[in-house]
Amino acid sequence: MRCILMAFILLQSIFGFSQEQFDRTEAKKYQEELNKEYADSKTSPLEAEDLAVFKSLDFYPLNEKYFVVAKLVRTPKEKPFKMVTSTSRLPLFKKYGELYFEIDGKKCKLNVYQSLETIKNPKYKDDLFLPFFDETTGKESYVGGKYIDLKIPKGNTIAIDFNRSYNPYCAYSYRYSCPRVPLENDLKVAIRAGVKKFHD
């Protein structure tokens, strides 16, 4: 019985640890699926003239350095607020918590949010929204910043893979209404990961 229990604990430990390690294959798969979405006229945010010549999004090379395990500090008493968007739309969001991590020896902090509309759907009740600026914004990457989709973790850490960061749809067309990155989510470090800007 003791051996079985120890084996179970070991498997749990391995499984839990593996969820917080960089998976190059999964990151590559994510980028391939994103390209398929953008190449399909039914799901693409691209304008017709861009879609006609679309081959691939311009990604930074996959880099394990931009996979971090952040400390999550919950902020449960936050009040809902209207998030500014690229249009007059003001969707309700709530700050879910604060994420603390290091990149290139620099201490970083980002706020992570929940859409109060999205979480009404049971399918998306665990969704978190992470918008950010960094030192590449407006240069190598989109001037409006980038997004990462996350899930509420079971513990007090959360894996952030910046290789999965993507541009708001507004980077491709003015037809969309996109949340603007809150000013407090401006990283003072270059995140050369994920999707680069679409047009020079």
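**Group meeting: a first look at a predicted chain**

Good morning. I begin with one residue, Tyr176, which has a relative accessibility of 22% and therefore counts as partly exposed. The cut-off matters here, because buried means under 20% relative accessible area. Before going further, I should state that the model on the screen is predicted. I shall return to Tyr176 after an outline of the chain as a whole.

How many helices and strands does the chain have? There are 3 helices and 7 strands. In sequence order they follow the pattern α-α-α-β-β-β-β-β-β-β, with the helices ahead of the strands. The radius of gyration is 18 Å, close to the 16 Å that the globule rule gives for 200 residues, so the chain is as compact as a globular protein of that length. The C-alpha trace spans about 65 × 40 × 35 Å along its principal axes.

Next, the interior and the surface. Of the 200 residues, 41% count as buried. The accessible surface comes to about 12,300 Å², and carbon and sulfur atoms contribute 55% of this area. As for charge, the chain carries 33 positive and 27 negative side chains, and the centres of these two sets lie 5 Å apart. Turning to contacts with a separation of 6 or more, 64% of them are made by residues 24 or more positions apart.

Val69 offers an example of such contacts. This residue belongs to strand 1, which covers residues 67-74. Which residues does Val69 touch, not counting those up to four places away in sequence? They are Glu20, Phe101, Thr157, Ile158 and Ala159. Val69 and Phe22 are 47 residues apart along the chain, yet their C-alpha atoms are separated by 9.7 Å. With 35% relative accessibility, Val69 counts as partly exposed.

I turn now to two loop residues. The first topic is Asp104, in the loop between strand 3 (92-103) and strand 4 (106-115). Most residues other than glycine have a negative phi. Asp104, although not a glycine, has a positive phi of about 55 degrees. Its relative accessibility is 48%, so Asp104 counts as partly exposed.

The other loop residue is Lys125, placed between strand 4 and strand 5 (127-132). Lys125 is partly exposed as well, with a relative accessible area of 45%. Leaving aside neighbours within four places in sequence, Lys125 is in contact with Gln114, Ile119 and Ile152. The C-alpha atoms of Lys125 and Ser115 are separated by 9.3 Å, and the two residues are 10 positions apart along the chain.

Finally, we come back to the aromatic residues. A pair of aromatic rings is described by the distance of the centres and the angle of the planes. A search of the whole structure finds 11 aromatic pairs. Why is the pair of Tyr169 and Tyr176 classed as edge-to-face? The ring centres are 4.9 Å apart and the planes stand at 70 degrees, so the pair is edge-to-face; the reason is that planes over 60 degrees apart receive that label. Tyr169, like its partner, is partly exposed, in its case with a relative accessible area of 27%. Both tyrosines belong to a wider cluster, in which ring pairs link Tyr38, Tyr169, Tyr172, Tyr176 and Phe198.

That brings us back to the residue with which I began. Thank you for your attention.

Conventions. Residues numbered from 1 in each chain as written. Predicted model: local features only at pLDDT ≥ 70, side-chain atom pairs only at ≥ 80, totals over all residues. Heavy atoms only, no water. Helix = DSSP H or I, 4+ residues; strand = E, 2+ residues; numbered from the N terminus. Rg over C-alpha atoms; globule rule 2.2 N^0.38 Å. Buried < 20%, exposed > 50% of the residue type's maximum accessible area, 1.4 Å probe, protein only. Contact = heavy atoms within 4.5 Å. Areas by Shrake-Rupley, 256 points an atom, 1.4 Å probe, with all protein chains shown as cover. Lys, Arg positive; Asp, Glu negative; His and termini not counted. Charge placed at Lys NZ, Arg CZ, Asp CG, Glu CD. Phe/Tyr/Trp six-rings, centres within 6.5 Å; stacked < 30°, edge-to-face > 60°.
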